[in-house]
Amino acid sequence: MWKIAKLTCFAIILCLPGLSASRAQDPTYKAQRPRQVFPARSQEPDDILRIDTDLVAVDVTVNDTTGRLVRNLQKQDFKLYADGKEQPVSFFQVERRAGQPRPLAIVFALDISGSMTSEEMVRLRSALQAFSANVADQQAVYAVMAFGMNVKMLQKFTSDPEKLDRVFERIAREPSGLSTHTYDAVDDGIRLLVRHAPRTRERRLMKRAILVVTDGFPVGDTVSAQTVIERANAADVSVYVVTLPSYSRMLPASSQTPLPTPLEVSGLADSTGGRSVYAEEKDYVPLFRALAEEVTSAYVLAFYPAEDKRRDGQFHVLKVEGPSGLTTRQSRPGYQAVAGDKKP
């Protein structure tokens, strides 16, 4: 359904450094950008309804050898390790099963830089309608950001799909510019999720994700890819990246398979449990429906760290293993325990 680029070409990452023309045009941009994703006095907002403050959770998506999602696994099918030591799974949640669906908070980050074509924006509008329709049975809320030379909030969190659709009427009036602040947009999306989409709702862990739609060339960012990945992992936010066909039109005509974009080489999607995909030329709808299915098809595993690990201020590596022959992707490689009396 889509082409997954192989990470075989790293020369393209040379596009990343040094392309900061927009900062020269707007010297206050970096100073204005908040440097902290989490509020200074706590890891998450005060009004969060916590299942348990000591519980460490990780989302896991499982695919078979053909790439299809595997949904029928049980708690005993998984093994969860922290720092190489197997942990008893204290909490196990499966999405898309009988009962109340898992709540979802997603930020759409849309590239409006000059390289995006009007035809792509029309197709994208239909694709996002299909995405929202596919998660209609979830307790889903959406927010929309646009990014080019700057990052701008177009729609705060809403559950109204009509508001999501009306965003595209505003996009046409937004200035684009020559820069593409992709990492800055994801950074702002993480901050928005942390502050306005509590980790739990009605005692169910919320799925938090960012869907980036772009031409694949970040330019002029004030925050690095690695910093964004670390912040996404700390907030347990998965990032999905859709690269539109305008990217492939920039490549030599002899190229049959899309080369990996700078975003893919950076590991932004892979390192946060998301996925990087390439849209087909004519119809984005099937791709976005499949992405909606994947975003809402994760297993959630959680455990209580040992007492001496809970507040030691160290980073602890997490590893989830599933049944042999299946591919597992986890939302984060580990967690940072907070020193002192604060919780991880």
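These are my notebook entries on two residues and one sheet in a predicted model.

**Entry 1: T182**

I started with T182 and looked up its place, which is in helix 5, spanning residues 182-196. Is T182 buried or exposed? I found a relative accessibility of 0%, and buried means under 20%, so T182 counts as buried. Next I listed its contacts, leaving aside neighbours within four places in sequence. T182 is in contact with F147, V212, T214, P218, D221 and L263.

**Entry 2: S90**

Then I turned to S90, which sits in the loop between strand 3 (85-87) and strand 4 (91-94). S90 has a relative accessible area of 41%, and therefore I noted it as partly exposed. Which residues does S90 touch, not counting those up to four places away in sequence? I wrote down L55, A302, F303 and Y304. I also checked S90 against A57: the two are 33 residues apart in sequence, and their C-alpha atoms are 9.7 Å apart in space.

**Entry 3: the sheet with strand 3**

Strand 3 came up again when I looked at an open sheet of four strands. Their order is 3-2-14-16, and the pairing is antiparallel. Which strands are at the edge? I noted strand 3 and strand 16 (334-336), each of which pairs on one side only. Neighbouring strands of this sheet are turned by 30° against each other on average, with direction ignored.

I then followed the pairing of strand 14 (residues 315-321) with strand 16, which is antiparallel and runs over three bridges. My last look-up here was F315, which stands opposite Q336 in strand 16.

Key. Residues are numbered from 1 along each chain as its sequence is written. This is a predicted model: local features need pLDDT of at least 70, side-chain atom pairs count only at pLDDT 80 or more; totals for chains, interfaces and linings use all residues. Side-chain values use heavy atoms; hydrogens and water are left out. Helices (H or I, at least four residues) and strands (E, at least two) are DSSP runs, numbered from the N terminus. Buried means under 20% relative accessible area, exposed over 50%, partly exposed in between (1.4 Å probe, protein chains only). Contact means heavy atoms within 4.5 Å. Two strands pair if DSSP finds at least two bridges between them. Axes are lines fitted to C-alpha atoms, for helices over the stretch in contact, and angles run from 0 to 180 degrees between N-to-C directions.
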